[in-house]
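Me: I would like to go through the helix packing of this model with you, one question at a time.

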Amino acid sequence: MRLHNKTILVTGAAQGIGRGIALRLAQEGANIALVDIKKDGVNQVAKEIEALGRKAVAITADISNRDEVFAAVDHAEKTLGGFDTIINNAGIAQVQFLADVTPEIVDRIFKINVNGVLWGIQAAAAKFKHRKQKGKIINAASIAGHDAMVMLGIYSATKFAVRALTQVAAKEYAHDGITVNAYCPGIVGTDMWVEIDEGFSKVTGKPKGETYKKYVEDIALGRAQTPDDVAALVAFLASEDSDYITGQSIITDGGIVYR
């Protein structure tokens with residue numbers, strides 16, 4: 001197993017991509033700290049990980065709060081006996097034309113999608129340095145951080161920002177032996193895309209499911225992405241196989257955006 005006895009913290013781990021990542025990393029041998037605001041969700045995922053024979057700790061925290069992110073990293077280290085990787089996965093989306101975006105919407109999505117990633121980078125890097133060891137930081141970006149998407153303008157802006165943070169952190173922490181990369185999913189069949197589809201339906205008047213269907217039809221490989229598809233890339237980035245990769249935001253979308 002590539003990640004045997006590694007300690008990895010995953011944010012947004014109660015469902016969807018975060019849950020898929022956590023389970024895949026556990027299957028690869030890692031012990032997992034699960035962070036989310038949804039207490040029942042992370043508790044359930046912790047049970048699933050323990051059923052795989054790995055250790056798990058469920059942490060209820062708001063990743064937009066810097067102190068709570070640092071506390072989560074400390075708790076993961078103390079409970080699981082180490083700290084090797086952070087997956088800054090948690091995020092939210094918004095569907096609106098730019099003309100309809102309010103200051104409250106901007107503040108909320110940036111606090112979670114950008115600030116939350118920044119606090120995770122800071123907390124993990126500080127912990128790696130304190131432990132005098134190398135480490136890995138892996139951030140959630142999106143294909144919307146490569147090609148901005150209509151009616152997902154503020155979401156796209158946050159994911160472009162994550163790419164920038166990933167590049168800068170890779171440069172600043174390279175001399176400490178810390179690699180920083182990002183994964184960029186496409187159209188994933190999760191609750192977030194249900195919400196996005198419903199948002200498009202409200203704005204455009206199209207039936208629910210039509211926007212999702214249209215996007216899936218544009219995928220070269222002919223199907224929607226699953227959390228397992230994303231988790232496979234994240235497992236690679238968390239392993240020694242990716243030790244010579246840093247500062248990259250890697251697209252995993254089945255063939256939508258080409259770089």
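**Helix packing and a long-range salt bridge**

Me: In this predicted model, α1 and α8 pack with their axes 8 Å apart and at an angle of about 50°; are the two helices parallel or oblique to each other?

Reply: Two packed helices are described by the angle between their axes and the distance between the axes. For α1 and α8 the angle is about 50°, whereas angles under 35 degrees count as roughly parallel and 65 to 115 as roughly perpendicular. The angle therefore makes α1, relative to α8, oblique.

Me: Which residues make this contact, and how many of them are nonpolar?

Reply: From α1 come Gly16, Ile17, Gly20, Ile21, Arg24 and Leu25, and they meet Pro227, Val230, Ala231, Ala232, Val234, Ala235 and Ala238 of α8. By class, the contact of α1 with α8 holds 2 polar residues and 1 charged, and the number of nonpolar residues is 10.

Me: How is α1 arranged against α2, roughly parallel or oblique?

Reply: Helix α1 (residues 16-27) and helix α2 (residues 39-51) have axes that come within 9 Å and cross at roughly 20°. Because angles under 35 degrees count as roughly parallel, the arrangement of α1 against α2 is roughly parallel.

Me: Is the crossing of α1 and α2 left-handed or right-handed, and how many charged residues does the contact have?

Reply: The crossing of α1 and α2 is right-handed. In the contact, Arg19, Ala22, Leu23 and Ala26 of α1 meet Val45, Glu48 and Ile49 of α2. By class there are 5 nonpolar residues and no polar ones, and the number of charged residues is 2.

Me: What angle do α4 and α5 make, and how do their contact residues divide by class?

Reply: Helix α4 (residues 103-131) and helix α5 (residues 153-173) have axes 9 Å apart and pack at an angle of about 15°, and the two are therefore roughly parallel to each other. The contact includes Val106, Phe110, Val117 and Ile121 of α4, and Tyr155, Ala161, Val162 and Leu165 of α5. By class, the residues of this contact divide into 16 nonpolar, 2 polar and 2 charged.

Me: What does the UniProt record place at residues 6-186, and what is the helix content there?

Reply: The unreviewed UniProt entry places the feature "domain: Ketoreductase" at residues 6-186. Over this range the end C-alpha atoms are 28 Å apart, the strand content is 19%, and the helix content is 50%.

Me: Which residue forms a salt bridge with Asp243, and how many residues apart is the pair?

Reply: The whole structure has 13 salt bridges, and one of them joins Asp243 to Lys136, with the closest N and O atoms 2.9 Å apart. Asp243 lies in the loop between α8 (227-238) and β7 (249-252), whereas Lys136 belongs to strand β5 (residues 135-140), and the pair links distant parts of the chain, 107 residues apart.

Terms used:
Residues numbered from 1 in each chain as written. Predicted model: local features only at pLDDT ≥ 70, side-chain atom pairs only at ≥ 80, totals over all residues. Heavy atoms only, no water. UniProt positions renumbered as here; feature names shortened; annotations may be inferred. Helix = DSSP H or I, 4+ residues; strand = E, 2+ residues; numbered from the N terminus. Axes fitted to C-alpha atoms, helices over the stretch in contact; angles between N-to-C directions. Parallel < 35°, antiparallel > 145°, perpendicular 65-115°, else oblique. Contact = heavy atoms within 4.5 Å. Nonpolar A, V, L, I, M, F, W, Y, C, P; charged D, E, K, R; others polar. Salt bridge = Lys/Arg side-chain N within 4 Å of Asp/Glu carboxyl O. Left-handed = near helix turned anticlockwise from the far one by under 90°.
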